[in-house]
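Trainee: Could you take one part of this model and walk me through it closely? I'd like to see how you work out what is tucked away and what isn't.

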Amino acid sequence: MVGLFSCIFVKTSSRSRIGSLHAVEIKRGMGGLHGNKGALIVRFRFDDSSICLVNCHLAAGQTQTMHRNNDIAAILESSTLPAEHDSTLCSNLFVGGGDGSMVLDHEICILNGDLNYRIDTMSRDVVLKAIQNNNLLKLLERDQLLVSRKKNPAFGLKAFVESPITFHPTYKYDIGSSVYDSSEKHRAPAWCDRILYRGPGKIKQMDYRRHELKISDHRPVTGNFKLRVKSIIPAQREKVWQQCQQRFEVVRLKVEQEAKYEIE
């Protein structure tokens with residue numbers, strides 16, 4: 001693995017609705033010097049909604065949960081995207097008072113990739129037997145990502161949602177076969193390949209599944225989503241804003257008058 005590669009395909013009919021396209025890379029390999037670990041971040045505006053796509057490859061190794069969590073924190077907390085300085089555009093496009101320089105500033109985020117989280121405190125033979133018996137719940141209870149989300153209040157991916165996993169672990173296979181790692185290392189199977197998302201009320205996952213392609217030691221995972229994007233009509237928005245201000249003023253004067261009577 002020498003880097004990350006992202007492809008985004010757009011229908012010709014939707015091309016004119018996309019703008020403010022930016023892409024950045026965050027290197028986490030070898031102390032931040034190499035891009036074999038890290039993330040590619042692509043963000044754009046679709047109509048008047050901001051969308052951010054994050055392709056990750058986190059630290060490998062059974063015992064490197066903390067390292068992976070630190071990778072996630074560095075990716076989500078970095079301010080590497082160009083900031084928007086127009087306050088009106090910021091309020092139109094971004095959330096939480098953000099200016100678009102960080103991943104979590106965007107209304108809709110999808111984070112995916114080889115996150116490399118493993119199954120803890122369980123021998124390889126026990127994992128294989130659970131898979132054979134289709135006892136995925138037993139394994140998911142020890143999944144490092146799910147455990148981190150449950151027990152670590154500072155974990156960056158607590159801000160994201162992951163649909164229930166109903167498929168077998170996607171790593172690690174002998175290439176060209178359906179046999180889990182039979183090399184000298186005998187790595188235990190794990191759900192390394194994941195898709196998470198955020199955007200309350202704006203994104204819904206329709207499916208989450210793996211595919212039986214055998215050209216890699218991983219099985220690919222896909223997710224289908226429905227997104228709700230907004231279009232702002234400035235004149236109508238200004239009209240509604242004026243109406244809201246007028247109604248607020250009526251309520252403010254009423255509360256002020258009632259408070260005056262109470263004092264008297």
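Mentor: Sure, let's start with some vocabulary: a residue is buried when its relative accessible area is under 20%, exposed when it is over 50%, and partly exposed in between. Cysteine 244, with a relative accessible area of 39%, is therefore partly exposed. Keep in mind that this is a predicted model.

Now for our part: helix H3 and the loop leading into it. Strand S4 covers residues 108–114, and asparagine 116 sits in the loop between S4 and H3. Its relative accessibility is 3%, so asparagine 116 counts as buried. Asparagine 116 also has a positive phi, near 70°, even though it isn't a glycine. Threonine 121 lies in the loop between S4 and H3 too, and has a positive phi of about 45°. But at a relative accessible area of 66%, threonine 121 is exposed.

On to the helix itself. H3 spans residues 124–132, and its buried residues are Arg124, Val127, Leu128, Ala130 and Ile131. Those residues cover an arc of only 160° around the axis, so they are on the same side of H3. Here's the handy bit of background: an α-helix has 3.6 residues a turn, so residues three or four places apart point the same way. The face of H3 turned away from the buried side carries exposed residues: Asp125, Lys129 and Gln132.

What lies over the buried residues of H3? Helix H4 (136–140) is part of that cover. And just after H3, asparagine 134 takes a positive phi of about 55°.

Notes:
Residues are numbered from 1 along each chain as its sequence is written. This is a predicted model: local features need pLDDT of at least 70, side-chain atom pairs count only at pLDDT 80 or more; totals for chains, interfaces and linings use all residues. Side-chain values use heavy atoms; hydrogens and water are left out. Buried means under 20% relative accessible area, exposed over 50%, partly exposed in between (1.4 Å probe, protein chains only). Helices (H or I, at least four residues) and strands (E, at least two) are DSSP runs, numbered from the N terminus. The arc is that of the directions from the helix axis to the C-beta atoms. Contact means heavy atoms within 4.5 Å.
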